[in-house]
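Biologist: Could you take a close look at the charged side chains for me, and walk me through how they pair up and where they sit? Please add whatever else seems worth a look along the chain.

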Amino acid sequence: MYDLTQFRKDLSCFDIVLTEQMEEQFLQYYELLVEWNGFMNLTAITDYDEVMKKHFVDSLSLVKAYDKIRREQICVIDIGTGAGFPGIPLKIAFPQIKLTLLDSLQKRIKFLGEVAEKLGLQEIELIHGRAEDFAKPSMKRGQYDLCVSRAVANLSTLSELCLPYVKEGGFFVSYKSEKILEEAEAAKNAIQILGGEIAEQNAFTLPDSDIYRNLFVIHKVKVTPKKYPRKAGLPAKEPLK
Ligand code: SAM
């Protein structure tokens, strides 16, 4: 039996109340994560309390920066989703969203296929590939109201990988930690070149913890120039300045 007391308490700080079915889905997800982690590298964290806080609660903390996800049927893409963070927790808690999960590692996409099937998640698309390769106009460019990304790259690189996917008027939210000031300064120009505008930063600690989170919100105010993203590897190797 899993104790959900702390998880419920944490989520109540974000005004999130899960249904019984959603709680069951989170537990199934936890079990699949631990099971598959036994034979592939998905996460360094497997302890129940830690997964609930550092993966699930953390992923859902997005509502502090982007409230619309609670009720609107928006299109969301998670770039470099890995084992599904933050995308899968968002989809469980807000099932009306249309979600795309993209990652360059095939085995992680396979895991996510299993998660989607076992949890019965609908309107979820899985893409195996590099973010640089799917942002073409004939593919996924400019199709999303919201792009999210956690622990993938520095803000300049990430902006080049993520902003092309966002519709004009949409948002890109990057899950960052404390070292954001320097990183934000270094990415300022790149964000502008790519059609973005820094909208806000939302810094807080996760409930009942000293785990620091900074949600960095970028508003897409203009179309991203066609030449971005550059070819695979370049955004990380030579971040725009
Ligand atoms: N977002 C997850 C999380 O917070 O737990 C995973 C983070 S993991 C450190 C980074 C993930 O980004 C890896 O699964 C990696 O395969 C993926 N990744 C890195 N660069 C990428 C790119 N250019 N396109 C697609 N996926 C990428």
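**Charged side chains and their surroundings**

Modeller: Let's begin with E24, which is partly exposed, with a relative accessible area of 45%. This is a predicted model, so please read everything here as computed from it. E24 sits in helix α2, which covers residues 20–37. Together with E20, E31 and E35, E24 makes up a patch of negative charge on the surface.

Helix α2 also carries a glutamate with a partner. E23 forms a salt bridge with R8, at 2.7 Å from N to O. R8 belongs to helix α1 (residues 5–12), while E23 is in helix α2, so the pair links distant parts of the chain, 15 residues apart. The two partners differ in how they are covered: E23 is buried, at 9% relative accessible area, whereas R8 is partly exposed, at 45%.

Side chains of opposite charge can pair when their charged atoms come close. By the rule used here, the count in this model comes to 15 salt bridges. Another of them joins R213 and D58, again with 2.7 Å from N to O. Because R213 is in strand β7 and D58 in helix α3 (residues 48–60), this pair ties together parts that are 155 residues apart in sequence. Both R213 and D58 are buried. They do not stand alone, since R150 is linked with D58 and R213 in a network of salt bridges.

For a pair within one helix, turn to helix α7 (residues 180–193), where K188 and E185 lie three residues apart, about one turn of the helix. The closest N and O atoms of this salt bridge are 3.8 Å apart. K188 is partly exposed, at 47% relative accessibility, and E185 is exposed, at 53%.

Two more glutamates deserve a stop. E238 is found in the segment after α8 (234–237) and, at 44% relative accessibility, counts as partly exposed. From C-alpha to C-alpha, E238 and E183 are 15 Å apart in space, with their positions 55 residues apart in sequence. E123 lies in the loop between α5 (106–119) and β3 (124–128). Its backbone has a positive phi, near 50 degrees, in a residue other than glycine. E123 is partly exposed, with a relative accessible area of 44%.

That brings us to the backbone elsewhere. A151 also has a positive phi, about 60 degrees, although it is not a glycine. A151 is placed in the loop between β4 (144–150) and α6 (155–162), and counts as exposed at 75% relative accessibility. There are cis peptide bonds to look at as well. The one from F85 to P86 has omega near 5 degrees, and P86 is in the loop between β1 (75–79) and α4 (87–93). The bond from Y228 to P229 is cis too, with omega near 0 degrees, and P229 falls in the loop between β7 (212–220) and α8.

Finally, the cysteines. Searching the whole structure gives zero disulfides. For C75, the nearest cysteine sulfur is that of C147, 12 Å away. C75 is partly exposed, at 22% relative accessibility. C162 has C147 as its nearest cysteine sulfur, at 3.6 Å, and is in no disulfide; a disulfide here needs the sulfur atoms within 2.5 Å. C162 is buried, with a relative accessible area of 0%.

Conventions
Residues numbered from 1 in each chain as written. Predicted model: local features only at pLDDT ≥ 70, side-chain atom pairs only at ≥ 80, totals over all residues. Heavy atoms only, no water. Buried < 20%, exposed > 50% of the residue type's maximum accessible area, 1.4 Å probe, protein only. Patch = residues over 30% accessible without salt bridge, like charges linked within 9 Å, V, L, I, M, F, W, Y side chains within 5 Å. Areas by Shrake-Rupley, 256 points an atom, 1.4 Å probe, with all protein chains shown as cover. Salt bridge = Lys/Arg side-chain N within 4 Å of Asp/Glu carboxyl O. Lys, Arg positive; Asp, Glu negative; His and termini not counted. Charge placed at Lys NZ, Arg CZ, Asp CG, Glu CD. Helix = DSSP H or I, 4+ residues; strand = E, 2+ residues; numbered from the N terminus.
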